[in-house]
Amino acid sequence: SYYVEVAAEGACNGFSDTIIVPVVAAPEVAIEGAANVCFGGMVTMTATVDTTYGANVQYQWNRIEGGNQVYPIAGATESTYTTDATLAVGSYNYSVTVINPITGCTVTSGVVNASVMPDPTVEILGAEAVCEGGSVTLTAVLSDTIEGAAYNYTWYRNDVQVGFNSASYTTDVALVAGNYRYYVVVTPADSMACNATSATVFANV
C-alpha cells in the first residue's frame, strides 16, 4: 500500500488516502490446437490465458525463425490465429504475446510447432485377376501421414467412382470378363489439405 505525506514549514502536514497496488504473478499463456498440415492446409491455434490477467487483453502472434528470432505476424492480433495456406513445406514455430493495456504487463507463451509436411503416399494392395462371379478386396495403405489427420477415400474403376469413405474396396461380382483398372484418391476430412492419388492397379475378370 502507498500514501504520500506533504510537509510544509510551520508543521503543516497533509496525508493522502492510502492506495493498494497489488503485485500479481505473471500469468501462464498456452497455445492450443497446434498441429502439422500438408501444403495448402491450415490449422487454427488459440491462445489461452488466466482470466485474472484481465479480460481485455491484447494479442500478438509471432513466428520464430533461426531458433530464437521473433517476428510479429502482421494483423495477427486476435486470440486465435490461422496459419497461412500458401506456406511452403517446412518447419514453422509460433508463439503469442499477451499484453494487458491497463497494467502494461506483457507475457509470451512457449513456442509451438505447426509445420507444413509433404503429402502422404498411397499404395493399393490385393490386386489380382479373378474369374467371373468372383471378387477381390483392394486395400489402400497410406504412408507418411500426419498424426491425428482423418482421410476420405474415393475408389474409381475405369475412371468411374465406385466406392467412397473406406480404405478398402471389394470388386463387383457381377462384372463380366474384361480388363478393369482401379485407383484411389485420398483427400483430407478436415483443413489439413493432405491429398494423395494411388497408381493404377488391375483386377481383371
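Which residue in β8 is the bridge partner of T46? Hold that thought for a moment, everyone, and good morning.

A word on confidence before the details. What you see is a predicted model. Its chain averages a pLDDT of 88, and 93% of the residues score at least 70. Strand β8 has the highest mean pLDDT among the elements of the chain, at 96, while strand β2, residues 12–15, has the lowest, at 71. As a general reminder, where pLDDT is low, the predicted coordinates should not be read in detail.

Back to the opening question. The partner of T46 in β8 is T80. Strand β5, which covers residues 44–49, runs antiparallel to β8, and three bridges join the two. Zooming out, these strands belong to an open sheet of three, ordered β3-β5-β8, with antiparallel pairing. At the edges sit β3, residues 29–32, and β8, each of which pairs on one side only. From one strand to the next, the twist averages 20°.

Next, please find I73. This residue is in the loop between β7, residues 69–72, and β8, residues 80–82. Is I73 buried or exposed? I73 has a relative accessible area of 13%, and therefore counts as buried, the limit being under 20%. Setting aside residues up to four places away in sequence, I73 touches Q60, W61, N62, R63, Y81 and Y94. If you want a sense of distance, look at E5: its C-alpha atom is separated from that of I73 by 48 Å, with the two positions 68 residues apart along the chain.

Two of the names I just read out, W61 and Y94, come back when we turn to the nonpolar core. The largest such core has 47 residues, and the members that touch the most other members are M45, W61, Y94, Y151, Y153, W155 and Y182. Let me pick out Y182. Not counting residues up to four places away in sequence, Y182 touches I124, L138, Y156, R157, Y169, T171, L175, A199, T200, V201 and A203.

Now for some polar detail, at T97. You will find T97 in strand β9, residues 93–99. Its relative accessibility is 14%, so T97 counts as buried. Which side chains make polar contacts with the side chain of T97? One is N62, at 3.2 Å, and another is T108, at 3.0 Å. Beyond its neighbours within four places in sequence, T97 is in contact with Q58, Y59, Q60, N62, T106, V107 and T108. You may recall Q60 and N62 from I73, which touches both.

Last stop: a pair of backbone curiosities in the loops. D144 is not a glycine, yet it has a positive phi of about 60°. Its place is the loop between β14, residues 137–143, and β15, residues 151–157. D144 is exposed, because its relative accessible area is 61% and the limit is over 50%.

N165 also has a positive phi, near 65°, in a residue other than glycine. This one lies in the loop between β16, residues 160–164, and β17, residues 168–170. N165 has a relative accessible area of 46%, so it is classed as partly exposed.

That is my tour, from T46 and T80 in the sheet to N165 in its loop. Thanks for listening, and I'm happy to chat!

Methods. Residues numbered from 1 in each chain as written. Predicted model: local features only at pLDDT ≥ 70, side-chain atom pairs only at ≥ 80, totals over all residues. Heavy atoms only, no water. Helix = DSSP H or I, 4+ residues; strand = E, 2+ residues; numbered from the N terminus. Buried < 20%, exposed > 50% of the residue type's maximum accessible area, 1.4 Å probe, protein only. Polar contact = N/O pair within 3.5 Å; in protein donor to acceptor, adjacent residues only side chain to side chain. Contact = heavy atoms within 4.5 Å. Core = buried A, V, L, I, M, F, W, Y, C linked by side-chain atoms within 4.5 Å. Pairing = 2+ DSSP bridges. Axes fitted to C-alpha atoms, helices over the stretch in contact; angles between N-to-C directions. pLDDT = per-residue confidence, 0-100.
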